[in-house]
Amino acid sequence: PSGTPTNLILGDDDSTLVDIGMAFPFYGTNWTACHVGSNGFITFGGSNFDPSEQISDFMAGLPKIAVLWDDLSPQIQGTVHVEAGAGWLRVVWTSIPQFYVLDDNSAELTLWADGRVQLHWPHVELADGMVGLGPGSWQGTPTFANFDSDAAHGWTTGAGPIFEQFLPLSKPFDLHGDWVTFFPVPAGGYYWVR
């Protein structure tokens, strides 16, 4: 899909409310708005400015989708914009550096009216970060994923969060150019395909 982009003006550790334009089902709740954060994630039901992509932070707090959670700085370089059409909304972070690092990172997140979530990483230079989705408030059993695994698909553990944390030395970011799509399942969790 493609649509007319609307630029979002985001500062450091910032977020802004965006109308999804549809009822988007996420972990059993239909949402009509989300908060788009400068640090590469969206939240539902409130805003979040957290720049530290820690597992405990991902598990706690608000329902969230992290496409490239890191301490990003769109106020220095790059853009964040949304595009919308019939039954979908896309959020795009383009050519954004990390805080105090002159690198270039681009990621895309698309929400579909049927509950699908699609993540894409056209160009990423950072090594650390976090990717995934979760219901927040410490709900459910976490699934520690490897989205670039040979299996190229997987399931959440029930209705708990699913995520992958990237670390500069032991597990650097490896989803360059990839797409991962999450499909909701009747049990309340998600099935993912790369």
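These legends accompany several views of a predicted model of one protein chain.

**View 1. The whole chain, with one helix and 15 strands.** Let's start with the overall picture. The C-alpha trace spans about 40 × 40 × 30 Å along its principal axes. The radius of gyration is 15 Å, which agrees with the value near 16 Å that a compact globule of 194 residues would have. Buried residues make up 53% of the 194 residues. Among contacts with a separation of 6 or more, 58% link residues 24 or more positions apart. The accessible surface comes to about 8100 Å², and carbon and sulfur atoms account for 56% of that surface.

**View 2. An open sheet of seven strands.** Follow the strands across in the order 2-3-4-5-10-13-11, and you will find that the pairing is mixed. Strand 2 and strand 11 (143-144) stand at the edges; each has a single partner strand, so one side of each is left without a neighbour in the sheet. At the strand 11 end, two bridges join strand 11 to strand 13 (residues 162-166), and these two strands run parallel. Look here for Thr143, which stands opposite Ile162 in strand 13.

**View 3. Strand 10 (residues 129-134) and its two neighbours.** How many of the six residues of strand 10 are buried? Six of the six are, so the strand is mostly covered. In a regular strand the side chains alternate between the two faces of the sheet. Here both faces are covered, with Gly129, Val131 and Leu133 buried on one side and Met130, Gly132 and Gly134 buried on the other. Four bridges tie strand 10 to strand 5 (residues 64-69), and the two run antiparallel; in this pairing, Leu133 is the bridge partner of Ile65. Five bridges join strand 10 to strand 13, again antiparallel, and Gly132 stands opposite Phe163 there.

**View 4. The largest nonpolar core, with 43 residues.** Good places to begin exploring are Val36, Phe44, Ile65, Leu111, Trp121 and Phe182, the residues with the most contacts inside this core. Strand 2 (residues 15-26) gives the most to the core, with five residues. Apart from this core lies another, of seven residues, and among them are Phe58, Met59, Trp69 and Phe163.

**View 5. Val36 and its contacts.** Neighbours within four places in sequence are left aside here. On the N-terminal side of Val36 in sequence, the contacts are Leu8, Leu10, Asp14, Ser15, Thr16 and Val18. Further along the chain, Val36 is in contact with Phe41, Ile42, Val80, Val91 and Trp93.

**View 6. Phe182 in strand 14 (residues 179-184).** Is Phe182 buried or exposed? Phe182 counts as buried, because its relative accessibility is 1%. Its C-alpha atom is separated by 5.1 Å from that of Val117, although the two residues are 65 residues apart along the chain. Beyond neighbours within four places in sequence, Phe182 is in contact with Gly115, Arg116, Val117, Leu119, Leu133, Phe147 and Ile162, as well as Tyr190, Tyr191 and Trp192. Leu133 in this list is also one of the buried residues of strand 10.

**View 7. Arg90 in strand 7 (residues 88-96).** Our last stop is a charged side chain's polar partner. The side chains of Arg90 and Thr110 are joined by a polar contact of 3.0 Å. Arg90 counts as buried, because its relative accessibility is 10%.

How values were computed. Residues numbered from 1 in each chain as written. Predicted model: local features only at pLDDT ≥ 70, side-chain atom pairs only at ≥ 80, totals over all residues. Heavy atoms only, no water. Core = buried A, V, L, I, M, F, W, Y, C linked by side-chain atoms within 4.5 Å. Buried < 20%, exposed > 50% of the residue type's maximum accessible area, 1.4 Å probe, protein only. Contact = heavy atoms within 4.5 Å. Polar contact = N/O pair within 3.5 Å; in protein donor to acceptor, adjacent residues only side chain to side chain. Rg over C-alpha atoms; globule rule 2.2 N^0.38 Å. Areas by Shrake-Rupley, 256 points an atom, 1.4 Å probe, with all protein chains shown as cover. Pairing = 2+ DSSP bridges.
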